[in-house]
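Here's a quick tour of the model for anyone about to work with it. Have a look at the structure first, then go through the notes below.

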Amino acid sequence: MGAKPPLRRFHQASWDEPLLFELSSPGERGVQVPAPEVPFDDALPAGLRRQDPPGLPELSQLHVLRHYLRLSQENLGVDLNIDVGQGTCTMKYSPKINDQFVRDPGVAELHPLQDERTVQGVLEIVYRLERMLAEISGMDHVTLQPGAGSAAIYTNVAMIRAYFAACGELEQRDEIITTIFSHPSNAACAKTAGFKVITLYPDADGYPDLEALKAAVGPRTAALLITNPEDTGIFNPRIEEFVRVVHEAGGLACYDQANANGILGITRARDAGFDLCHFNLHKTFSTPHACGGPAAGACGVTDALAPYLPRPTVEFDGASYWLNDDRPASVGKIRPFYGVIPNLVRAYAWIMSLGAEGLREVAEIAVLNNNYLMKKVLEIRGVSAPYAEGRRRIEQVRYSWAELTEDTGVHSDDIGVRAADFGTHYWTSHHPFVVPEPMTLEPTESYSKADLDEYAAILAEVAREAYEDADVVRTAPHNSTVHRVRPDTLDSSETWAVTWRAYRRKILGE
Ligand SMILES: Cc1ncc(COP(=O)(O)O)c(C=O)c1O
C-alpha cells in the first residue's frame, strides 16, 4: 500500500474573541446610509415606527471582517478538513461554482411573492430538477418543497396517511414498520403523524430480517419505511421481497434513499417496487447541509399517490411554467413558497455538470472509496465492523471501537476528539446507538486516495496512542481552540444561551 503518509502538524488559532455586541463602539459604522429623501416619520405610519433604535452593534467593516475571520480560524469547516467522519450526516464537497449561480441576481434578487410570470427561470429549474430526480428514482412525480430529509420523510408519511384516509382505511391501518438501522427520522415521523411504529432488528447475518417482517405485516400495516443501504452501509439483498410482502398485506412501501451516494444510476426505488421515496439533496446532490437549517429534500411518488403531493405543484403547459394550487386532495403546504431555491439551484447545477454517466461514476467512486477506507480501518487494532461481518458495504460503515475500549478504557468519543488534534472534524451521528462505541465513516466520492490514507493514518495513530499512552487520548483535544464542551451545560436550560439576550441574562447575570 506504499509509504505511510506523514501526520499533519496542526494547531488551531485561539483569539479569545468577544461578541460583536461587546465590540460595539457608539457611532462606528460599516456604511453611511444616505439621508432619505422623504423623512422616515412622513414615510411610515406612526403605528409601524419603532419607539427605540434597534440596539444593533455599531462596527466598522474592518472590525466585522476581522471578527468573522478570527471565528472562522477557530472552526474546522468542511472545506478545511478531511470530513469523512460525519457518518450518516455525509459531508461531500459543494462545488463553489454552484454558489456563484445562486448569487446571480436572477436568483438572489427574486422575491417569493413575485408573480409567477416573472420567475419563469426559477420555475423551469424546479420543474426540470423534479423531472431529473423522477428519472433517477424511477418515480412518476417529485416534489421539492421539503426543507430537509426529515421534512421529506414527514411529507411521505403525510401522503401515506392521506392515501389511506381517501380509501377509508386509515382507522384500520395504523401501523408503520421500519428497521432499527433505518434513519430514526423514519420512526419519529411515523409516530408524529399518529402511527404506531414497529421496529425490526437484523437477522443473524446482520441483514434486515425478512422473517420478522413477515411476522409483523398484516391488515394494520399502513407502510414500510426503510432506509437502504441502511446507516450501517449494508444493502438489503432482499429489498424487492420486502416490498412484495408489504404490498401483499395491502401496505405501501416507502424508500428512504438519503443514502444514495453509492447507488446513483445503479438501482432505482421504483424498479424495486416502491410507492414513495425521498432524497436528501444535501447528502447526495452536493448542496450544503446547513446544520439542520434550510437544506433540501425531494419526495418521489407513483401516479397513485400524486393527488396527495404538497401544493402548489410546478406545472408546464408547453409555453410557460405555473403554480397549481387547485389540488383538493393535497397534504397542503410543507414549506412556504416553492422550497429552498438556492439549494435546488445548486443540486440542478451539480446534476447538469455530471450527466447520467457522471452520476453513476459518483456512485462507483463512493463505493470504491468506502471499501478502500474500510480495508485500511479494519487493519487498525481494536476496531471492527459489526453486523454482516466480512461483507462489503456500500457507501458508509458503522464501525465499533468496543474492543479498544475494553483493552484501554478509551472511548470512541475520546478517539474522535483526539483525531481533531490532527486537523480532522470530530464525528457526530451514529443513531440509533445500537453499535457499541460507534464510529460512522462515509468518504463519498469527494476525497482522494491520499486523503483517505491520511485519515486512516490519523485513526491508526490515535489507536496506537490509546494502547500506549491512553491519557493522551482521554485528555484530548490538545491542539484545538476549545477544550471539551461540557455536555451538562448544553442539557440545562439554565446555562444554554442561544441569543444575546439569553447570554446576558444567564451568563453575565444582568
Ligand atoms: C438515511 C437518512 N435519512 C434521513 C435523514 C434525515 O435528514 P435531515 O438531517 O436532512 O433531516 C438522514 C440524515 O442525514 C439520513 O442519513
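Before we get to the helix faces, one cut-off: a residue counts as exposed when its relative accessible area is over 50%, and as buried when that value is under 20%. Keep in mind that this is a predicted model. The notes start with the ligand, then move on to one helix, two buried charged residues, some backbone oddities and a buried isoleucine.

**Around the ligand**

- The ligand has 16 residues around it, and the closest are Gly-149, Ser-150, Asp-256, His-282 and Lys-283.
- Sorted by type, that shell comes out as 9 polar, 4 nonpolar and 3 charged residues.
- Which helix gives the most to the shell around the ligand? That would be α7, with 3 residues.
- Both α7 and α11 (281–284) supply at least two shell residues each.
- On the nitrogen side of things, a ligand nitrogen atom sits 2.7 Å from a polar side-chain atom of Asp-256.
- Ligand oxygen shows up in two listed pairs: one oxygen atom lies 2.8 Å from a polar side-chain atom of His-282, and there is a distance of 3.0 Å between a ligand oxygen atom and an N or O atom in the side chain of Asn-280.
- Taken alone, the ligand would expose 390 Å², and the protein buries 91% of that.

**Helix α8 and its two faces**

- Helix α8 spans residues 185–192, and its buried residues are Ser-185, Asn-186, Cys-189 and Ala-190.
- Why do these buried residues line one face of the helix? Looking down the axis of α8, they fall within an arc of 135 degrees, so they share one face.
- The general geometry helps here: an α-helix has 3.6 residues a turn, so residues three or four places apart point the same way.
- Turned away from the buried side is the face that carries Lys-191 and Thr-192, both exposed.
- The cover over the buried residues of α8 includes helix α7 (149–166) along with the strands β2 (175–179), β3 (196–200), β4 (221–227) and β5 (252–256).
- Helix α7 therefore turns up twice in these notes, as part of the cover on α8 and as a contributor to the ligand shell, with the buried α8 residues lining one face.
- Just past the end of α8, Gly-194 has a positive phi of about 100 degrees.

**Two buried charged residues**

- Asp-203 belongs to the loop between β3 and α9 (210–216), and with a relative accessible area of 17% it is buried.
- The side chain of Asp-203 makes a polar contact of 3.0 Å with the side chain of Arg-238.
- Setting aside neighbours within four places in sequence, Asp-203 contacts Pro-208, Asp-209 and Arg-238.
- Arg-418 is part of helix α14 (residues 412–420), and at 10% relative accessibility it counts as buried.
- A polar contact of 2.8 Å links the side chains of Arg-418 and Glu-465.
- Not counting residues up to four places away in sequence, Arg-418 touches Val-462, Glu-465, Val-472, Val-473, Ala-476 and His-478.

**Backbone oddities to check**

- Asn-228 and Pro-229 are joined by a cis peptide bond, with omega at about -5 degrees; Pro-229 sits in the loop between β4 and α10 (239–248).
- Another cis peptide bond runs from Ala-476 to Pro-477, where omega is near 5 degrees. Pro-477 is in the loop between α16 (470–474) and α17 (487–491), and Ala-476 is one of the residues that Arg-418 touches.
- Asp-16 isn't a glycine, yet its phi is positive at about 45 degrees. You'll find Asp-16 in the segment before α1 (20–23). Is Asp-16 buried or exposed? It is exposed, with a relative accessible area of 72%.
- Ser-286 also has a positive phi without being a glycine, near 75 degrees. Ser-286 lies in the loop between α11 and β7 (297–301), and this residue is buried, at a relative accessible area of 1%.

**Ile-136 in helix α6**

- Ile-136 is in helix α6 (residues 120–137) and counts as buried at 15% relative accessibility.
- Beyond its neighbours within four places in sequence, Ile-136 contacts Leu-264, Thr-267, Arg-268, Phe-279, Phe-285, Ile-351 and Leu-359.
- Ser-330 is 194 residues from Ile-136 along the chain, and their C-alpha atoms are separated by 24 Å.

Key. Residues are numbered from 1 along each chain as its sequence is written. This is a predicted model: local features need pLDDT of at least 70, side-chain atom pairs count only at pLDDT 80 or more; totals for chains, interfaces and linings use all residues. Side-chain values use heavy atoms; hydrogens and water are left out. Buried means under 20% relative accessible area, exposed over 50%, partly exposed in between (1.4 Å probe, protein chains only). Helices (H or I, at least four residues) and strands (E, at least two) are DSSP runs, numbered from the N terminus. The arc is that of the directions from the helix axis to the C-beta atoms. Contact means heavy atoms within 4.5 Å. A residue is near a molecule or strand if one of its heavy atoms lies within 4 Å of it. A polar contact is a pair of N or O atoms within 3.5 Å; within protein, one must be able to donate a hydrogen and the other to accept it, and residues adjacent in sequence count only if both atoms are side-chain atoms. Accessible areas come from the Shrake-Rupley method with a 1.4 Å probe; for residues, only the protein chains shown count as cover. Ala, Val, Leu, Ile, Met, Phe, Trp, Tyr, Cys and Pro count as nonpolar, Asp, Glu, Lys and Arg as charged, and the others, Gly among them, as polar.
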